Number of protein chains: 2
Amino acid sequence: MGKNLRLKAARAAKDMSQKDIADAVGVTRQTINAIENGDYNPSINLCIAICKLLGKTLNDIFWEDEENE
Amino acid sequence: MGKNLRLKAARAAKDMSQKDIADAVGVTRQTINAIENGDYNPSINLCIAICKLLGKTLNDIFWEDEENE
DNA sequence: AATATATGTAAAATATATTTGACACAATAT
DNA sequence: ATATTGTGTCAAATATATTTTACATATATT
């Protein structure tokens, strides 16, 4: 899978580090790093928690269609 | 967690059984059943596969906001 | 030069998603 | 009556997400 640049951008927009996100949603820094780098396949609940923290929706960050791919 | 009635409805709209969905996305019937009944926390890739199969987006089926909750 | 923060990565352990096999029940068809 | 399809559920096994610990590099700071 490719990198999740939309996540990286949304995080940058909030000026939060990977560790900030991790602490806020209750996972480790490595998990957030792996998601951003597209290394794996997180659970939907984790995705939802990240989206809510960043003020985005699932489609904003994790859905790929014509507009963002 | 509560039941995922939006998934159940989208499936009904396509006249597909739980097993039909399961076979099409490559998981077992029990997994689809558990997701519909809100028993657990599927991976985002599985959610995406289900959405694409049903012609819906992540927000349609798995995102909870003011409109659908 | 030394310290701190942010990121990338890896191996082993643990938690949990998912499978497999099974049984039950209701509705429908033969 | 019995066979079939769709659903709900459960226990044990397997696959994989996530944690823990650790090391490396780059950048900024004192």
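The surface near DNA strand C divides into four nonpolar, 11 polar and three charged residues. Ala, Val, Leu, Ile, Met, Phe, Trp, Tyr, Cys and Pro count as nonpolar, Asp, Glu, Lys and Arg as charged, and the others, Gly among them, as polar. This is a predicted model: local features need pLDDT of at least 70, side-chain atom pairs count only at pLDDT 80 or more, and totals for chains, interfaces and linings use all residues. Residues are numbered from 1 along each chain as its sequence is written, while chains are lettered from A and ligands numbered from 1 in the order in which they are written.

**The DNA strands**

In total, 18 residues surround DNA strand C. A residue is near a strand if its C-beta atom, placed from the backbone, lies within 6 Å of it. Helix H2 (18–25) and H3 of chain A, along with H3 of chain B, each give at least two residues to the surface near strand C. Helices (H or I, at least four residues) and strands (E, at least two) are DSSP runs, numbered from the N terminus.

DNA strand D also has 18 residues around it. Here H3 of chain A joins helix H2 (18–25) and H3 of chain B, each supplying at least two residues. The table sets out both surfaces.

| DNA strand | Closest residues | Largest share | Classes |
|---|---|---|---|
| C | A:Ser17, B:Val27, B:Thr28, B:Thr31, B:Pro42 | H3(A), four residues | four nonpolar, 11 polar, three charged residues |
| D | A:Val27, A:Thr28, A:Thr31, A:Pro42, B:Ser17 | H3(B), four residues | four nonpolar, 11 polar, three charged residues |

**The two chains**

A rotation of 180° with 0.0 Å of shift along its axis superposes chain B on chain A, with an RMSD of 0.0 Å. That is the relation of a two-fold axis. The fit is by least squares on the C-alpha atoms of residues with pLDDT of at least 70 in both copies. In chain B, the residue closest to the rotation axis is B:Ser43, at 2.0 Å (C-alpha). Both copies use the same surface: 100% of the contact residues of chain B recur in chain A.

The chains meet through 11 residues of chain B and 11 residues of chain A. Two residues are in contact if their C-beta atoms, placed from the backbone, lie within 7 Å. On the chain B side, H4 and H5 give two or more residues. That side has six nonpolar, five polar and no charged residues.

**The core**

The largest nonpolar core has 30 residues. Such a core is a set of buried Ala, Val, Leu, Ile, Met, Phe, Trp, Tyr and Cys residues joined through C-beta atoms within 7 Å. Helices H1 (5–13), H3 (29–36), H4 (44–54) and H5 (58–62) of both chain A and chain B each supply at least two of its residues. A:Cys47, A:Leu58, B:Cys47 and B:Leu58 have the most contacts inside the core. Beyond its neighbours within four places in sequence, A:Cys47 is in contact with A:Pro42, A:Leu58, A:Phe62 and B:Ile44.

**Chain A**

Chain A has five helices and zero strands. Its C-alpha trace spans about 35 × 25 × 20 Å along the principal axes. Of its 69 residues, 26% count as buried. A residue is buried if 20 or more other C-beta atoms lie within 10 Å of its own, exposed if 12 or fewer, and partly exposed in between; C-beta atoms are placed from the backbone.
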